[in-house]
Amino acid sequence: MENEFRELYQDIIMDHNRSPRNFHKMKEATHVLDGQNPLCGDHYTLYLKVNDDQIIEDISFYGSGCAISKASASVMSAMLKGQSIEKADQFFKLFQKIVKGEVDPAEYLDKIGKLAAFSGVSEFPIRVKCATLPWHTMHKAVHGSNEKVSTE
Ligand code: ZN
């Protein structure tokens, strides 16, 4: 990993782990779904408020887990607030490629911003599930699943 991304990775994960954005329960949510990664002990509930135009008006999460899962959920929540479900799905696909090291984050930096920080996860395969857990949970929730998400 290039130094530029190593620093970005560390800064963003530390920052979002220490002060996670949108870290609270949501009473007015239209979608609520649990996600867990038993291998690491990450366990979060994701809350989404989606309007009739399929826009994510509000998103929050609550629970506990490692720094990477928490930072990933936090960055995701900040990124998806106000976005359409279609856009959220596009980010989800791109994020999966980023954490698997399948895209060069430098090429996408303008489009994905802080998501590029998670390219560092590709060096630690065991952490990929931590990083993608919130995204899998979001994806299932907005597409109408009530089934709890588990990475195992
Ligand atoms: Zn984890």
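**Around the zinc ion and the α2–α5 pair**

With 34% relative accessibility, C40 counts as partly exposed, that is, between the limits for buried (under 20% relative accessible area) and exposed (over 50%), using a 1.4 Å probe and protein chains only. This is a predicted model, where local features need pLDDT of at least 70 and side-chain atom pairs pLDDT 80 or more, while totals for chains, interfaces and linings use all residues. Residues are numbered from 1 along each chain as its sequence is written, and side-chain values use heavy atoms, leaving out hydrogens and water.

C40 gives its SG to the zinc ion, alongside D42 (OD, listed twice), C66 (SG) and C130 (SG), at 2.2 to 2.6 Å. Donors here are N, O and S atoms within 2.8 Å of the metal (3.2 Å for Na, K and Ca); water is not among the atoms, so sites may look incomplete. Along the chain, the spacing reads C-x1-D-x23-C-x63-C. C40 sits in the loop between β1 (31-37) and β2 (42-50), and C66 in the loop between β3 (56-64) and α2, so the pair ties together parts 26 residues apart in sequence. C66, at 15% relative accessibility, counts as buried.

Now for the helices, which are DSSP runs of H or I with at least four residues (strands are E, at least two), numbered from the N terminus. The contact between α2 and α5 involves C130 of α5, among others; contact means heavy atoms within 4.5 Å.

On α2 you'll find S72, buried at 1% relative accessibility. Its side chain reaches the backbone oxygen of A131 at 2.6 Å. Beyond neighbours within four places in sequence, S72 touches F95, F118, A131, P134 and W135.

How values were computed
Polar contact = N/O pair within 3.5 Å; in protein donor to acceptor, adjacent residues only side chain to side chain.
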